[in-house]
There are 2 protein chains.
Amino acid sequence: MATIYEVAKAAGVSLATVSRVMNNNTPVRQATRTKVLAAMAELGYRPNSIAQSLASNCSNSIGILVSELHGPFYGAMLTGIEAEFRAAGKHVIIAAGHSERETEQDGIEFLKSRNCDALILHVEAVSDDYLIELAQGDTPFVLLNRHIDALADRCISLNNELGGYLATQHLLEQGHRQIAYIAGPMWKTDARERYAGHQRALQEFHCALNTGLFFEGDFRETGGSEGLQSIIASKQPFTAVVCANDEMASGALTTARELGYRVPEDFSVVGFDNVNFAYYTYPKLTTIDYPISAMGHMAARWVLSQVYQQADTEVQQVFEPYLISRDSTHLII
Amino acid sequence: MATIYEVAKAAGVSLATVSRVMNNNTPVRQATRTKVLAAMAELGYRPNSIAQSLASNCSNSIGILVSELHGPFYGAMLTGIEAEFRAAGKHVIIAAGHSERETEQDGIEFLKSRNCDALILHVEAVSDDYLIELAQGDTPFVLLNRHIDALADRCISLNNELGGYLATQHLLEQGHRQIAYIAGPMWKTDARERYAGHQRALQEFHCALNTGLFFEGDFRETGGSEGLQSIIASKQPFTAVVCANDEMASGALTTARELGYRVPEDFSVVGFDNVNFAYYTYPKLTTIDYPISAMGHMAARWVLSQVYQQADTEVQQVFEPYLISRDSTHLII
DNA sequence: TTGTACGCGTTATCAT
DNA sequence: ATGATAACGCGTACAA
């Protein structure tokens, strides 16, 4: 690969001049610029961005850490982020944290060691204190889907409690009073918040919480299947099931059918996230919209404005979810 | 951030020695090693991997280019790749090509300029010639889901033609003779190959191809919906629909239901890929298994063995798909 | 407007 | 076993 030095020699100028036409920050005579450009083209020169990073201490790349690379949720998030940065000429380095503390920390260290100019983190297992300490360092970062008071200005999050509230409120307004709940892993903040919203709605309607109708799932289809089976096995009557995300709702729908139940005639089901496939389940899933793609865009804009002084856009930090009513929920007679 | 130089000073040794204990490739006296390690710990030293890359011309990072970051297909692929590399201590830089020639080429250039030791490419829009030329360069790469004769040894692909054949053969064996086909974008190789397999099965069963029952979709849910509507509008009788992937099959199932058709009683539907949600559609989707995660693993192993001389595993280059029969297809009476 | 020279944080090749 | 010292490819004062 040709270096800047060879280009300089071919163009009959110095290294510095070549560097200048590349970054065009310093005036260069038109004639010289043309010569250099020609030499670059001829040699098929491509700047070595590693060397650029080392010299300039700016890599034009942003590190992203998510829990998983697959799944409808993270996929939409990554796409939102990548689209925004590509348009700005920045690039993206991605690592997976797998919801494990050590893996998440490793990932962050790796991203920092790659000279990322900023980090976008969707971390679940790492402690608040760790992140507060991380904020002392000199790599700026935003937190996605997590709220920490001490770091409020770098958090972009959804009001999960409200979402949980809306889901259950919808059922209560439809006349349901015996409502089962399939939660996410309760060590995860968003799982707890969504459940808290569920409880608030129940209280507001003076409806007692039946802990026999509670199941802690894993945010995956299998969790929804197991949850529904467990709830049915408990013999407690229920007319609706709230699932803490759409994957579990999908699993619950499938298992309900296998067991001979009809949704929503026998019981209603509501999900959370409004991922792509929620429109294609049978019946179409009533769910809570999580504007994850928009939030990815927003995180990227935060970086663009705070770190690169680009982007004039206002950064919205807390997003409000809303209910999408489809066919899996039903008025109770 | 502490540098190797400060560590050296703190430990009372030279740079070179510090470097040696880090890479432990040259013998270092135990006492010295301990001193250096202590100094590193005390200063919270983290090597700057950008500088390491520049000096060693090896970044321990692999560039991945996929068409999209979302969707069940790419997600599974990325996860397979990332898992393999993480276990080997390598890291991954990901870019999206969006199935557009220019974006794909940009992505490749970016990845090369980041000093990636190797590339894993899932490219659809760039030409064979471009890739053959790229192979002259000094960044090794594997091609995923693409076969080019001149680059056969760096291709890891699925026998798409066979998959297309199996899908249609299954229907023919069930007695279907009027079979509609919703294809992917026909400029994509895998879409064409799958369709070719469909045609071969038809021929083998002496069943005429009815081009009125053909629709070119977009590999997304909407394509399946539009395809089914178009086929129904054509007024041609049919008893089965082959969809070139599961997303389109899912769209077709939903639209069928909306229009009052029952699957598989009124007509059968078969998909392709066996993505995660194919088990959770209603009815459960008969489909062709695409071992995409395994192929991601394999691509990673190719890199590990060819580029890093690690991994003793045999590299399997062509994968064979097989049929997974579920509830969306039906014997014809 | 252009060139010189130094620095970025490592690795690697020599000596010692 | 360890220590100087030259790369690696580029950015950038500073000087001209």
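Helices (H or I, at least four residues) are DSSP runs, numbered from the N terminus. The model used here is predicted.

**Exercise 1.** Find how many residues each chain gives to the contact, and how much area is buried between chain A and chain B.

*Solution.* Start with the residues. Chain A gives 45, and chain B gives 45. Next, take the area. About 4,200 Å² is buried between the two chains. Carbon and sulfur atoms give 56% of that area. Now look at chain A. Ile50(A), Arg114(A) and Tyr280(A) lose the most area to chain B. Together they make up 17% of what that side buries.

**Exercise 2.** Count the salt bridges between chain A and chain B, and check one pair.

*Solution.* The count is four salt bridges. Take Arg46(B) and Glu109(A). Their closest N and O atoms are 3.7 Å apart. The cut-off is 4 Å, so this pair counts as a salt bridge. Then sort the residues of chain A that touch chain B: 16 are nonpolar, 19 polar and 10 charged.

**Exercise 3.** Describe the second largest pocket: its space, its centre and its lining.

*Solution.* First, the space: about 1,300 Å³. Second, the centre. Of 41 lining residues, the closest to it are Arg46(A), Pro47(A), Asn48(A), Ser49(A) and Ser113(B). Third, the helices. α2 (15-23) and α4 of chain A each supply at least two lining residues, as do α4 (49-56) and α6 (101-113) of chain B. The largest share, six residues, comes from α4(A). Last, the classes. The lining has 15 nonpolar, 19 polar and seven charged residues.

Definitions and conventions
Residues are numbered from 1 along each chain as its sequence is written. Chains are lettered from A and ligands numbered from 1 in the order in which they are written. This is a predicted model: local features need pLDDT of at least 70, side-chain atom pairs count only at pLDDT 80 or more; totals for chains, interfaces and linings use all residues. Side-chain values use heavy atoms; hydrogens and water are left out. Contact means heavy atoms within 4.5 Å. Buried area is the accessible area (1.4 Å probe) that two parts lose on being put together, summed over both. A salt bridge is a side-chain nitrogen of Lys or Arg within 4 Å of a carboxyl oxygen of Asp or Glu. Ala, Val, Leu, Ile, Met, Phe, Trp, Tyr, Cys and Pro count as nonpolar, Asp, Glu, Lys and Arg as charged, and the others, Gly among them, as polar. On a 1 Å grid over the protein atoms alone, a cavity is a set of points where a 1.4 Å probe fits but cannot get out, and a pocket is an open set with protein on both sides within 12 Å along at least five of seven lines; lining residues have an atom within 4 Å of a point. Grid points are joined across faces, edges and corners, and a volume is the space filled by probe spheres set on the points.
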